[in-house]
Amino acid sequence: MPSNKSVSDAPIVQFTNCRILRDHQLQREDLWVREGKILNPEKLFFDEKGSADVQLDCKDSIIAPGFIDVQINGGFGVDFSLATDDFKSGIDLVSQKILSHGVTSFCPTLVTSPPSVYHQVLPQISLRNGGAHGAGILGAHLEGPFISKEKKGAHPEHCLRTFEAGAFQDLLATYGSLDCVQIVTLAPEMRRSSEVIQELTKRGICVSLGHSVANLSQAEEAVQHGATFITHLFNAMLPFHHRDPGIVGLLTSDKIPAGRRVFYGMISDGIHTNPAALRIAHRAHPKGLVLVTDAIAGMGLAPGRHTLGQQVVEIDGLNTYIAGTKTLSGSVATMDTCVRHFQEATGCSVETALEAASLHPAQLLGIEHKKGTLNYDSDADFLMLNDSLYVQATYIAGEEVWRQDVSGM
């Protein structure tokens with residue numbers, strides 16, 4: 001057998017008998033992996049005269065890129081908006097547990113909190129690659145406190161802030177540091193928000209519009225200054241109105257700068273968004289849809305009382321409310337559930353549903369050259385799923401990090 005040693009001593013794994021999501025289509029071909037990256041088999045054969053060291057029969061599974069959750073507040077009893085001594089072990093627990101739901105990378109999300117919480121928590125969040133220890137951390141998503149009082153949702157009003165004389169300096173003083181920050185959600189109608197959006201964008205931080213009473217022209221202006229995302233579309237914003245569609249109007253706006261795409265998050269849990277609204281958004285702007293869980297500490301736990309930052313929330317079935325109210329406060333849906341519900345509600349293709357949780361969030365964050373696809377040379381973060389889109393196994397950097405236990409079935 002020809003030697004593989006010409007380029008690397010690392011073993012080459014060939015995944016056979018599978019359908020790979022590549023170029024927006026499920027294609028019946030093998031997946032080749034070496035040193036955590038996806039290999040081009042033609043180069044391997046012709047340039048290296050190489051072959052596989054290990055072959056794995058996927059038994060006709062779908063192989064799709066790993067899911068990327070850009071809005072997750074916690075789960076399994078852990079709340080990312082609580083400053084605790086064992087915060088690091090909490091984030092480790094969540095990153096481990098979400099592997100079973102197909103999430104290979106995520107943005108731990110903090111809801112509106114006092115500055116002291118940001119100052120304590122943010123230094124404890126560090127970017128890291130995924131692996132057997134858990135999903136990779138892409139950076140924090142700070143949802144608030146620079147949001148609208150009228151659309152605060154589950155965010156505590158006493159912690160809300162505006163941009164005062166310092167504008168961007170106010171934001172820096174509130175957060176303490178932007179070192180590990182990937183996304184900031186703010187309300188674009190706030191005075192001096194434009195300069196803040198420009199400053200954040202300049203630093204490579206994604207600006208998302210949400211918890212806002214902005215009209216369409218304010219939203220368009222924010223996009224022109226660099227905003228690229230909408231936090232949980234339809235939730236915590238003005239309802240669509242035909243004379244001024246508000247932030248929702250960005251989906252079909254003709255004022256988006258050339259070459260720029262606006263993405264929008266959707267909580268596809270069957271609670272936050274009526275299936276008809278999900279269909280309207282998807283049909284209006286399919287390439288911008290990003291599935292997010294917006295999961296809270298109660299995800300994966302029994303119904304009852306849990307926290308969301310400074311608030312107490314009650315879980316009743318799939319509904320989560322601020323205790324004693326009917327104000328929705330995050331979700332307890334897992335990412336694989338959201339993908340299945342999205343496909344069922346919209347009737348979209350399997351490929352479209354999978355890309356809304358992988359390719360689109362990667363494009364939003366500008367990391368699609370290494371995550372969110374199965375293109376050659378990208379990171380070998382992928383899932384094996386059955387035809388009903390239930391996750392059977394999760395791989396990070398080509399290594400199996402979770403597998404469905406079928407012994408008890």
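A residue counts as exposed when its relative accessible area is over 50%, as buried when that value is under 20%, and as partly exposed in between. Lys 59 reaches 68% and is therefore exposed. The model described here is a predicted one, and the report moves from single residues of the first domain to the contact between domains, the cavities and some sites further along the chain.

**Lysines with positive phi, and the surroundings of Asn 17**

Lys 59 lies in strand E5, and its phi is positive, at about 55°, although the residue is not a glycine. Lys 49 likewise is not a glycine and has a positive phi of about 55°, but its place is in the loop between helix H1 (41-48) and strand E5 (54-65).

Lys 59 is also one of the residues in contact with Asn 17, once neighbours within four places in sequence are left aside; the others are Arg 28, Asp 30, Asp 57, Cys 58, Asp 60 and Ser 61. Asn 17 itself belongs to strand E1 (residues 12-22). With a relative accessibility of 33%, Asn 17 falls between the bounds of 20% and 50% and so counts as partly exposed. Its side chain makes a polar contact of 3.0 Å with the side chain of Asp 57. Asn 17 and Ser 61 stand 44 residues apart in sequence, while their C-alpha atoms are 7.5 Å apart in space.

**Two domains**

The domain assignment divides the protein chain into domain 1 (13-64 + 373-403) and domain 2 (66-365). The contact between them takes 20 residues from domain 1 and 23 residues from domain 2. The C-alpha centres of domain 1 and domain 2 are 30 Å apart.

**Cavities**

The structure holds two cavities of 30 Å³ or more, and the table sets out the volume and the make-up of the lining for each.

| Cavity | Volume | Lining residues by class |
|---|---|---|
| Largest cavity | about 40 Å³ | two nonpolar, five polar, four charged |
| Second largest cavity | about 30 Å³ | five nonpolar, three polar, one charged |

The lining of the largest cavity consists of Pro 65, Gly 66, Ile 68, Thr 104, Ser 105, Lys 370, Lys 371, Gly 372, Thr 373, Asp 379 and Asp 381. Domain 1 (13-64 + 373-403) and domain 2 (66-365) each supply at least three residues to this lining. Its charged members number four, and they are the lysines Lys 370 and Lys 371 together with the aspartates Asp 379 and Asp 381.

The second largest cavity is lined by Asp 69, Ile 72, Ile 98, His 101, Val 103, Thr 293, Met 299, Thr 334 and Met 335. Five of these residues are nonpolar, three are polar and one is charged; the charged one is Asp 69.

**Ser 208 and its contacts**

Ser 208 sits in strand E13 (residues 206-209). Its relative accessible area is 0%, which is under the 20% bound, and Ser 208 is therefore buried. Two polar contacts of its side chain can be described: one reaches the backbone oxygen of Phe 229 at 3.4 Å, and another, of 2.7 Å, joins it to the side chain of Thr 231. Not counting residues up to four places away in sequence, Ser 208 touches Ile 183, Val 184, Thr 185, Leu 186, Phe 229, Ile 230 and Thr 231. Both partners in the polar contacts, Phe 229 and Thr 231, thus appear again among the residues that Ser 208 touches.

**Further sites along the chain**

The peptide bond from Gly 144 to Pro 145 is cis, with omega near 5°. Pro 145 is placed in the loop between strand E11 (140-143) and helix H4 (168-175).

Another loop, between strand E14 (229-230) and strand E15 (263-266), contains His 242. His 242 is exposed because its relative accessible area, 60%, is over the 50% bound. The side chain of His 242 makes a polar contact of 3.3 Å with the side chain of Arg 243.

Thr 337 lies in helix H8 (residues 335-346). A relative accessibility of 32% lies between the two bounds, so Thr 337 counts as partly exposed. Thr 337 and Lys 43 are 294 residues apart along the chain, and their C-alpha atoms are separated by 38 Å.

Key. Residues are numbered from 1 along each chain as its sequence is written. This is a predicted model: local features need pLDDT of at least 70, side-chain atom pairs count only at pLDDT 80 or more; totals for chains, interfaces and linings use all residues. Side-chain values use heavy atoms; hydrogens and water are left out. On a 1 Å grid over the protein atoms alone, a cavity is a set of points where a 1.4 Å probe fits but cannot get out, and a pocket is an open set with protein on both sides within 12 Å along at least five of seven lines; lining residues have an atom within 4 Å of a point. Grid points are joined across faces, edges and corners, and a volume is the space filled by probe spheres set on the points. Domain bounds come from an automatic or database domain assignment. Helices (H or I, at least four residues) and strands (E, at least two) are DSSP runs, numbered from the N terminus. Buried means under 20% relative accessible area, exposed over 50%, partly exposed in between (1.4 Å probe, protein chains only). A polar contact is a pair of N or O atoms within 3.5 Å; within protein, one must be able to donate a hydrogen and the other to accept it, and residues adjacent in sequence count only if both atoms are side-chain atoms. Contact means heavy atoms within 4.5 Å.
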